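Thanks for asking me to look this one over. Here are my notes on the ligand site and the empty space in the model.

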Amino acid sequence: MASSLILTGFMGSGKTAVGEELAQRLGWNFFDADPLVEKHLGMSIPEIFEVHGEPGFRRAEETVVKGLLEEAARSQEGAVVSLGGGAVTIPAIYEILMKEPLVVFLDEDIDQAFWRAGGGERPLAQDLESFKSLFLERESLYRSVAKYIVDTRGLDVEQVAERIVKLIHERTGIL
Ligand code: S3P
């Protein structure tokens, strides 16, 4: 069984960009959960929220994330998995993440995260105040599933990836 390096954190924390960079550096497969949820239901995330509501989105997200973590674990090659920011709020996914050894929380400045994620199509990133309070509601979940926490403030994608590889290498000898 191969390793899965799982990136978690709030919207706009850079999970997708850092995941792609890590997968490239390590020569591992890359799985990005959000586009797979869109593919699963055949619509964009805003459409899923509109048609099925947030509960419908979470049900699809649970199915997709469970499937991709199983596929990643069965694969002969390593995998980097970037989760959507709300995946930790799904109890079954939270339980899986608690047992996974390589879960990394990207701890980004909240204003910076909103600058990246806000004002666009993300249904839960429409205004700064509710964005901030949603982060505060979830912060303890990100911290409790994380085996590694990376403070990404002021770092670019390459620097974050480098820090993750270094941290995991120092602690486990792998990577
Ligand atoms: C969400 C985060 C989004 C996406 C959806 C809901 C959330 O993913 O899954 O809009 O609840 O935090 P990103 O974290 O990749 O933006």
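The points below go from the ligand to its pocket and then to the cavity.

1. Some ground rules. This is a predicted model, where local features need pLDDT of at least 70, side-chain atom pairs count only at pLDDT 80 or more, and totals for chains, interfaces and linings use all residues. Residues are numbered from 1 along each chain as its sequence is written, and side-chain values use heavy atoms, with hydrogens and water left out.

2. Who surrounds the ligand? The shell has 13 residues, and the closest are Lys15, Asp34, Arg58, Arg122 and Arg138; a residue is counted if one of its heavy atoms lies within 4 Å of the molecule. Helix α3 (residues 45-74) gives the largest share, three residues, with helices being DSSP runs of H or I of at least four residues, strands being E runs of at least two, and both numbered from the N terminus.

3. Shell chemistry. Five residues of the shell are nonpolar, three are polar and five are charged. Here Ala, Val, Leu, Ile, Met, Phe, Trp, Tyr, Cys and Pro count as nonpolar, Asp, Glu, Lys and Arg as charged, and the others, Gly among them, as polar.

4. Polar contacts (pairs of N or O atoms within 3.5 Å). A ligand oxygen lies 2.6 Å from a side-chain N or O atom of arginine 58. Polar backbone atoms also take part: one of glycine 85 is 2.8 Å from a ligand oxygen, and one of glycine 86 is 3.2 Å from a ligand oxygen. The ligand exposes 380 Å² when taken alone, and the protein buries 97% of that, by the Shrake-Rupley method with a 1.4 Å probe.

5. The pocket. The ligand sits in the largest pocket, meaning that more than half of its atoms lie within 2 Å of the pocket's grid points. A pocket is an open set of points on a 1 Å grid over the protein atoms alone, with protein on both sides within 12 Å along at least five of seven lines; a cavity is a set where a 1.4 Å probe fits but cannot get out, and lining residues have an atom within 4 Å of a point. This pocket holds about 490 Å³. Its lining has 27 residues, with Met11, Asp34, Ile45, Gly84 and Arg122 closest to the centre. Six of the lining residues come from α3, the largest share.

6. The cavity. There is one cavity of 30 Å³ or more, and the largest has a volume of about 40 Å³, taken as the space filled by probe spheres set on grid points joined across faces, edges and corners. Among its lining residues are Phe10, Phe105 and Phe135.

How values were computed
Polar contact = N/O pair within 3.5 Å; in protein donor to acceptor, adjacent residues only side chain to side chain.
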